[in-house]
Amino acid sequence: MDTGAQLRSAREALGLSLASLAQKTRVQPRIISAIEDNDLPSIPPKPFGRGFVRAYAREVGLDPEQTVRDYFAQFPPTPEVSHVSDAAAEPWPARTSWFGAAALIAIALVSLAVLRGGAGDDVASEPPAPVGTVGTTTERAPEAPNANGTIGRSADAAPGRKGLAIVLNADRACWVTATADGSRVLYQLLPPGGQYSIDATREITIRSGDAGALRVTVNGRQTGPLGTDGQVRTVRITPETAPAFGVRTGQ
């Protein structure tokens, strides 16, 4: 007697129907029928098929491991299609939910897409940050929040001095990345009310995931929001363009 027929005989001896065995093992009736008929193409590949046969044998009182070995020894060897352990293929409800992890990954991907994509940029977007640099700076790391509830550091260039002194104020949470004279100094999510000061000699480039949420002060002069609500925008400010920045419509 082949192993499939042996399993069927054990099931019938216990008075179990295909439906009742399916309910006990959580294996679909069509797969149970395929196991009994030794219909290997209709049985899920290893390791899942092994888990189903093991569950069947356990429920009808046969030795699970020996039954699995005998059952699959009937067929020619086939290439393994998965490296998942047999234990992971047991036909029982999943022990771990991955929805929370999937949600966090989706949020991270959306945030990166906002920073890297979007129309209306004034300059090309900067290259992606190296792994492990999100929320930190490469050349100059931001300080912890100070007593005023702001983050960042004080500008070294005073208004009126040749160069640039820029202060960013977030009205609501928004992703911001910035470079000063070619060196990245900011790459993080500014919280509502967050502030960051940047100084440079030649140029400052700012990219925001929500330009309407970010107010800019250039060399002591408030220029208003960087753009419109929800707009992804990149701007480049130099000592020559600083006096006119924010004056023209659309800046």
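**Entry 1: strand pairing**

I looked up the partner of strand β1 in this predicted model. Strand β1, residues 164-170, pairs with strand β6, residues 214-218, in the antiparallel sense over five bridges. For the register I noted Val167, which stands opposite Thr217 in β6.

I then traced the sheet to which this pair belongs. Four strands form an open sheet in the order β4-β1-β6-β7, with antiparallel pairing. At its edges I found β4 (195-200) and β7 (221-225), each pairing on one side only. Neighbouring strands of the sheet are turned by 20 degrees against each other on average, direction ignored.

**Entry 2: nonpolar cores**

Which residues have the most contacts inside the largest nonpolar core? I recorded Leu168, Ile206, Leu214 and Ile237, in a core of 26 residues. The elements that give two or more residues to this core are β1, β2 (174-180), β3 (183-190), β4, β5 (204-208), β6 and β8 (233-237).

I next listed what Leu168 touches, leaving out residues up to four places away in sequence. Among them are Val176, Leu186, Tyr196, Ile198, Ile206, Leu214 and Val216; Gly194, Gln195 and Arg215 also belong to the list. Apart from the largest core lies another, of 20 residues, which includes Ala57, Val60, Val68 and Phe75.

**Entry 3: Arg233**

Is Arg233 buried or exposed? Arg233 is found in strand β8, and I entered it as buried because its relative accessibility is 3%, with the limit for burial at under 20%. A polar atom of the Arg233 side chain lies 2.4 Å from the backbone oxygen of Leu226.

**Entry 4: helices α1 and α5**

I examined how helix α1 (residues 3-13) meets helix α5 (residues 64-73). Their axes come within 9 Å and cross at roughly 135 degrees, so α1 is oblique to α5. On the α1 side I noted Thr3, Gly4 and Leu7 in the contact, and on the α5 side Thr67, Asp70 and Tyr71.

**Entry 5: positive phi**

Most residues other than glycine have a negative phi. I therefore looked up two asparagines with positive values.

Asn38 has a phi near 55 degrees and is found in the loop between α3 (29-36) and α4 (48-59). At 19% relative accessibility, I recorded Asn38 as buried.

Asn219 has a positive phi of about 50 degrees and lies in the loop between β6 and β7. I recorded Asn219 as partly exposed because its relative accessibility is 23%.

Key. Residues are numbered from 1 along each chain as its sequence is written. This is a predicted model: local features need pLDDT of at least 70, side-chain atom pairs count only at pLDDT 80 or more; totals for chains, interfaces and linings use all residues. Side-chain values use heavy atoms; hydrogens and water are left out. Two strands pair if DSSP finds at least two bridges between them. Axes are lines fitted to C-alpha atoms, for helices over the stretch in contact, and angles run from 0 to 180 degrees between N-to-C directions. A nonpolar core is a set of buried Ala, Val, Leu, Ile, Met, Phe, Trp, Tyr and Cys residues joined through side-chain atoms within 4.5 Å. Buried means under 20% relative accessible area, exposed over 50%, partly exposed in between (1.4 Å probe, protein chains only). Contact means heavy atoms within 4.5 Å. A polar contact is a pair of N or O atoms within 3.5 Å; within protein, one must be able to donate a hydrogen and the other to accept it, and residues adjacent in sequence count only if both atoms are side-chain atoms. Angles under 35 degrees count as roughly parallel, over 145 as roughly antiparallel, 65 to 115 as roughly perpendicular and the rest as oblique.
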